[in-house]
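User: Please examine this structure with me, taking the ligands and then a pair of helices.

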Amino acid sequence: MQEGRTIKVGVLGATGTVGQRFITLLSAHPWFVIDALGASSRSAGKPYAKAVKWKQSTPIPSAVREVGVVECVPEHFKDCAIVFSGLDADVAGDIEAAFRSADLAVFSNSKNFRKDPHVPLIVPYANPAHFAIIPQQQALQSPPLKKGFIVTNANCSTTAVVIPLTALERAFGPIESMLVTTMQAISGAGYPGVPSLDILDNIVPYIGGEEEKLEWETLKILGGIAEGDDGVKAFDMHARHPLRVSASCNRVPVIDGHTECVSVRFARRPPPSPQQVREALAAFTPDAQTIGCPSAPRHTIVVHEEADRPQPRLDRYYQDGASVSVGRVRQCPVLDIKFVVLGNNVSIGAATSSILNAEIAVLKGIVVTK
Ligand SMILES: NC(=O)C1=CN([C@@H]2O[C@H](COP(=O)(O)OP(=O)(O)OC[C@H]3O[C@@H](n4cnc5c(N)ncnc54)[C@H](OP(=O)(O)O)[C@@H]3O)[C@@H](O)[C@H]2O)C=CC1
Ligand SMILES: N[C@@H](CC(=O)OP(=O)(O)O)C(=O)O
């Protein structure tokens, strides 16, 4: 990135829970400048401050208060090099596909394209190598695209757990199996989300579709990309080192921050000790940090020594929610090692991941900025 250059970006779903986090982060971004804000026809035509039910603890950034919200159609975003999407999954599929067809680079939070065999599912600290599938995605569109593509980031619970798993696989080789039990914040369900009478004084032991997503997304992210003799690339879904994942997902009365209890078994025997695991997690330095992404935190995984951390209220906004916090690393009597991980679902679990993915794509020249 050249000193002093800025890149125009748009936000789809700008009025939602994830959209508001995008606006907060992008308003302070050193490269990206908000050029267009899209939402439903209920919001289109209104100034942003009138259209949104703002739920962030900082005020609406002054630069966007009076920006007119537009319908999510590409013609309103034609000056943008990048479009971030926090759209409701009911509409994200068609809208994001239309933006790609209009040759725009789309970075999406929604689940719609995550399973697509030509769309990368990228957790920025884990698998930026999957950007390698983009030329194939562009070539397959009709007509083939020069600039347009879709990149998705993962489900918020998947993102939080995949970051320590990446660090552990890098240090100790393949993980064979993982059991994960989540305690997911209410904001994960958007606004107004879960009714207060369901969640206050309560735990709901079911989040539709969530367990399946954690189980297969982890395999796509941690797997590599295989290339056939014909040069066609495909995600290998961790097939070279099969990983079994079992997830149990719960909604708990916390506003932001998903907490997950994780047990893992390594392929290598003997497995690493808890102290070796702590050291590997704390030392983890992903490419996003070394190549100079402005949103990458100083410490990607914060390892707690205290017996009662991480906790969502205390740890979710450390480093602006761009890192994950791990604690209680100890021996597991059934598998090998168990620990607790906390990730901010609206930050690293959503908007921050999209923004980091876009930063990586800019630095690698995948986003065409002229
Ligand atoms: N909340 C979280 O922690 C996470 C969410 N996600 C995913 O991100 C996406 C957004 O989630 P979230 O912010 O929670 O959802 P919200 O329900 O809070 O926001 C949805 C957004 O989509 C817009 N929208 C709805 N219908 C249409 C339409 N027909 N045309 C154009 N825009 C429309 C809304 O606009 P309007 O205000 O005008 O109705 C709003 O801006 C979802 O796919 C979700 O699964 C992913 C990870 C974490
Ligand atoms: N379902 C998640 C949030 C979410 O929207 O996930 P996804 O992007 O995978 O649909 C939660 O409720 O906490």
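The exchange below treats the ligand shells and one helix packing.

Analyst: This is a predicted model, in which local features need pLDDT of at least 70, side-chain atom pairs count only at pLDDT 80 or more, and totals for chains, interfaces and linings use all residues. Residues are numbered from 1 along each chain as its sequence is written, while chains are lettered from A and ligands numbered from 1 in the order in which they are written.

User: Where does ligand 2 lie with respect to the domains?
Analyst: The domain bounds come from an automatic or database domain assignment. Both domain 1 (7-155 + 351-363) and domain 2 (156-344) give residues to the shell around ligand 2, so ligand 2 lies between them.

User: How many residues surround ligand 1?
Analyst: A residue is near a molecule if its C-beta atom, placed from the backbone, lies within 6 Å of it. The closest to ligand 1 are Gly13, Gly16, Ser40, Ser43 and Gly190, and the full number is 30 residues.

User: Are helices H6 and H9 roughly parallel or roughly perpendicular?
Analyst: Helices here are DSSP runs (H or I, at least four residues), numbered from the N terminus. The axes, lines fitted to C-alpha atoms over the stretch in contact, with angles running from 0 to 180 degrees between N-to-C directions, come within 9 Å and cross at roughly 110° for H6 (residues 156-172) and H9 (residues 274-283). Since angles of 65 to 115 degrees count as roughly perpendicular (under 35 roughly parallel, over 145 roughly antiparallel, the rest oblique), H6 is roughly perpendicular to H9.

User: Which residues of H9 does H6 meet?
Analyst: Contact requires C-beta atoms, placed from the backbone, within 7 Å. From H6, Pro164, Ala167, Leu168, Ala171 and Phe172 meet Val277, Ala280 and Leu281 in H9.

Key
Helices (H or I, at least four residues) and strands (E, at least two) are DSSP runs, numbered from the N terminus. Two residues are in contact if their C-beta atoms, placed from the backbone, lie within 7 Å.
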